[in-house]
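Trainee: I am new to this one. Can we go through it step by step?

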Amino acid sequence: MLYAYVHLQKRMRNRKPEGNSLAEQKLISVIVPCYNEEEVLPLFYAEITKVSAEMQQVHPELTFEYLFIDDGSKDHTLRDLRRLAKQDKRVRFISFSRNFG
């Protein structure tokens, strides 16, 4: 089962729409532990990106990143994470050599 932990972090970014003013940006890091999640990973990714997009419509100051932690999966979870990271720059992953529990 995938569990997402959300960490909210404030970040300052230089925005130039109104001169050189700095606007406060908020980065939401969605941290997702994974173990043999090959079957549900595409469904979870589709849903979390949909929810993120909806949140950004209401709160344009939000940015998102998705950090998946592969805990030594025996299936193709890591392969799928690599594929997601190539197609979406917001996706990052860490892969453990074995299951640490």
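Mentor: What follows is a set of questions and answers on this predicted model.

Trainee: Which pattern of helices and strands does the chain follow along the sequence?

Mentor: The secondary structure comes to two helices and four strands. Read along the sequence, these elements follow the pattern β-β-α-β-α-β.

Trainee: What percentage of the residues in the chain is buried?

Mentor: A residue counts as buried when its relative accessible area is under 20%. The chain has 101 residues, and the buried share of them is 33%.

Trainee: Among contacts between residues at least 6 apart in sequence, what share joins residues at least 24 apart?

Mentor: Here a contact means heavy atoms within 4.5 Å. Of the contacts between residues at least 6 apart in sequence, the share that joins residues at least 24 apart is 66%.

Trainee: How far apart are the end C-alpha atoms of α1?

Mentor: Helix α1 covers residues 41-58. At 1.5 Å a residue, its 18 residues should span 26 Å. The model agrees with that expectation, as the distance between the end C-alpha atoms is 26 Å.

Trainee: Around the axis of α1, how wide an arc do its buried residues cover?

Mentor: The buried residues of α1 are Leu41, Phe44, Tyr45, Ile48, Thr49 and Ser52. They lie on the same side of α1, because the arc they cover around the axis is only 120 degrees.

Trainee: And which residues are exposed on the other side of α1?

Mentor: An exposed residue has a relative accessible area over 50%. On the other side of α1, the exposed residues are Leu43, Gln57 and Val58.

Trainee: Within what arc do the buried residues of α2 fall?

Mentor: Helix α2 spans residues 77-87, and its buried residues are Thr77, Leu78, Asp80, Leu81 and Leu84. They line one face of the helix, because seen down the axis of α2 they fall within an arc of 160 degrees. On the other side of α2, the exposed residues are Lys86 and Gln87.

Trainee: How many salt bridges does a search of the whole structure find?

Mentor: Side chains of opposite charge can pair when their charged atoms come close. The cut-off for a salt bridge here is a side-chain nitrogen of Lys or Arg within 4 Å of a carboxyl oxygen of Asp or Glu. Searching the whole structure gives a count of six.

Trainee: Which residue forms a salt bridge with Glu47?

Mentor: Glu47 is partly exposed, at 42% relative accessible area. Its partner is also in helix α1, three residues apart from Glu47, which is a separation of about one helical turn. The closest N and O atoms of the pair are 3.7 Å apart, and the partner is Lys50.

Trainee: Which residues are linked in a network of salt bridges?

Mentor: One pair in it is Asp80 with Arg79, whose closest N and O atoms are 3.1 Å apart. Asp80 is buried at 11% relative accessibility, whereas Arg79 is partly exposed at 38%. The full network links Glu38, Arg79, Asp80 and Arg83.

Trainee: How far apart are the closest N and O atoms of Asp88 and Arg90?

Mentor: Asp88 is buried at 6% relative accessibility, and Arg90 is partly exposed at 27%. The two form a salt bridge, and the distance between their closest N and O atoms is 2.9 Å.

Trainee: Which side chain of opposite charge is nearest to Asp71?

Mentor: Asp71 sits in the loop between β3 (62-70) and α2. Among the residues it touches are Cys34, Tyr35 and Phe96. Asp71 is buried yet has no salt bridge. The nearest side chain of opposite charge is 7.2 Å away, and it belongs to Arg98.

Trainee: What separates the C-alpha atoms of His76 and Glu38?

Mentor: His76 is in the loop between β3 and α2, and it is partly exposed at 41% relative accessibility. His76 and Glu38 are 38 residues apart along the chain, and their C-alpha atoms are separated by 5.6 Å.

Trainee: What is the phi of Asn36?

Mentor: Most residues other than glycine have a negative phi. Asn36 is in the loop between β2 (22-34) and α1, and it is partly exposed at 32% relative accessible area. Asn36 is not a glycine, although its phi is positive, at about 55 degrees.

How values were computed. Residues are numbered from 1 along each chain as its sequence is written. This is a predicted model: local features need pLDDT of at least 70, side-chain atom pairs count only at pLDDT 80 or more; totals for chains, interfaces and linings use all residues. Side-chain values use heavy atoms; hydrogens and water are left out. Buried means under 20% relative accessible area, exposed over 50%, partly exposed in between (1.4 Å probe, protein chains only). The arc is that of the directions from the helix axis to the C-beta atoms. The expected span of a helix is 1.5 Å times one less than its number of residues. Lys and Arg count as positive and Asp and Glu as negative; His and the chain ends are not counted. Lists of a residue's contacts leave out its neighbours within four places in sequence.
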